[in-house]
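Ready for a few short exercises on burial and charge pairing? Take a look at the sequence and the fold, and keep both at hand as you work.

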Amino acid sequence: MRAQFIVNPLSERVARKGSVLRALASETGADLHVIEDFSALPTLVDTTLQNQTSHVVIEGGDGTVQGVLTAFLSQQKQEPLPDFTLLPGGMTNQVAKNIGLKTIKKAHVLRALTKGTRQHVPLVHLTSPDHPNYYGFLFSSGAVPMITDYTKSKLHRRGIGGSKAVLGGILRGVTGQDSFVLHPTSLELEIAGPTARTFSGPHLGTLVTTLPGLILGLDPFWGDEAAPLRLLYAQGGVRHLPRQALGLWMGRKHIDRELYGLFSHNAEALTYYYEGPIVMDGEPLHIPEGRFTIRATAPVSFVK
């Protein structure tokens, strides 16, 4: 079965430098689909699943990856999912840099199509009453949505993108240079899994992922339970936040950071009661009821 290429021409790198997959489509015989309007995805995905296409390559940013994979996982019935290969075509490309191709080279794409290495990774699955399902890789509440909004509204407009923008937002937030960048919000969180626990009150933020690491070498999780969701919870009054953030960035996970207001667990499910800002893979979500649950999907195959 021929491979399928899905390209978002509006993604930052693709719009600026052009699509690598567009040039490779005729050479490989892959079916090329340029998606400018995501409303076309359901029909495309339905046909792809019915035809049992074995390999789908996605060129775009984190939001594109989230949108395409959400369509596949939402529409999957009995059909097997294809293998996926992710090309970094957006501004930050956190997902592709973890489980996709770190760089855009023709040879790397061809190798992934013929003899690539498979990695099986579950996705974060968010459900809430009367709302569509969301699937992605990095969910966050509080601090990260605030930092994301800052990087988009302040840094991207100055032409600062990618890892530099993320780093700039993080530094501005954790050093407390502006209270509008980072401030506590009220949350109740129920953790289900090997460790059952409830947090309630002002919180600085949560991070939830199924990825093995995050961008810039940051991996601020130290939970050791046998469960797929990796959670970081920060209380509203985290003590010595810049020092704690730097220590985690340097991989110092042996220190008991609960004394400072930082907690990490691996969980089976997380139930949120929260009306503050939330994002999935850099895309803001809106859940008016303020109640939603997060679980992990079955592992999905990614090839690089």
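Below are four exercises on this predicted model, each with a worked solution.

**Exercise 1. Work out where the side chain of glutamate 79 finds a partner.**

Solution. Start with the location: glutamate 79 sits in the loop that joins helix H4 (62–75) to strand E4 (83–88). Next, look for a charged partner. Glutamate 79 is buried but has no salt bridge, and lysine 77, the nearest side chain of opposite charge, is 5.5 Å away. A salt bridge needs the nitrogen and oxygen within 4 Å, so that pair does not qualify. Finally, turn to the backbone: the side chain of glutamate 79 reaches the backbone nitrogen of lysine 77 at 2.9 Å.

**Exercise 2. Decide how far helix H4 is enclosed, and check its span.**

Solution. Begin with the span. H4 has 14 residues and covers 20 Å from first C-alpha to last, close to the 20 Å expected at 1.5 Å a residue. Then consider burial: twelve of the 14 residues are buried, so H4 is largely enclosed by the rest of the structure. Among the buried residues are Val65, Val68, Leu69, Phe72 and Leu73, and also Asp62 and Gln66.

**Exercise 3. Place each of three salt bridges in the fold, and state the burial of their residues.**

Solution. The total for the model is six salt bridges; three are treated here.

- Step one: glutamate 12 and arginine 16 pair at 2.9 Å, N to O. They are four residues apart in helix H1 (residues 12–17), which means about one helical turn separates them. Glutamate 12 is partly exposed at 28% relative accessibility.
- Step two: arginine 13 and glutamate 59 form a salt bridge at 2.5 Å, N to O. Because arginine 13 is in helix H1 and glutamate 59 in strand E3 (residues 55–60), the pair ties together parts 46 residues apart in sequence. Arginine 13 is buried at 12%, and glutamate 59 is buried at 0%.
- Step three: glutamate 27 and lysine 106 meet at 3.0 Å, N to O. Glutamate 27 belongs to helix H2 (residues 20–28) and lysine 106 to helix H6 (residues 106–115), so this salt bridge links parts 79 residues apart in sequence. Glutamate 27 is partly exposed at 48%, as is lysine 106 at 43%.

**Exercise 4. Is serine 128 buried or exposed, and which residues is it in contact with beyond its sequence neighbours?**

Solution. Serine 128 lies in the loop between strand E6 (124–127) and strand E7 (134–136). Its relative accessible area is 10%, so serine 128 is buried. Setting aside neighbours within four places in sequence, serine 128 is in contact with Ile287, Arg291 and Phe292.

Methods. Residues are numbered from 1 along each chain as its sequence is written. This is a predicted model: local features need pLDDT of at least 70, side-chain atom pairs count only at pLDDT 80 or more; totals for chains, interfaces and linings use all residues. Side-chain values use heavy atoms; hydrogens and water are left out. Helices (H or I, at least four residues) and strands (E, at least two) are DSSP runs, numbered from the N terminus. Buried means under 20% relative accessible area, exposed over 50%, partly exposed in between (1.4 Å probe, protein chains only). Lys and Arg count as positive and Asp and Glu as negative; His and the chain ends are not counted. A polar contact is a pair of N or O atoms within 3.5 Å; within protein, one must be able to donate a hydrogen and the other to accept it, and residues adjacent in sequence count only if both atoms are side-chain atoms. Contact means heavy atoms within 4.5 Å. The expected span of a helix is 1.5 Å times one less than its number of residues.
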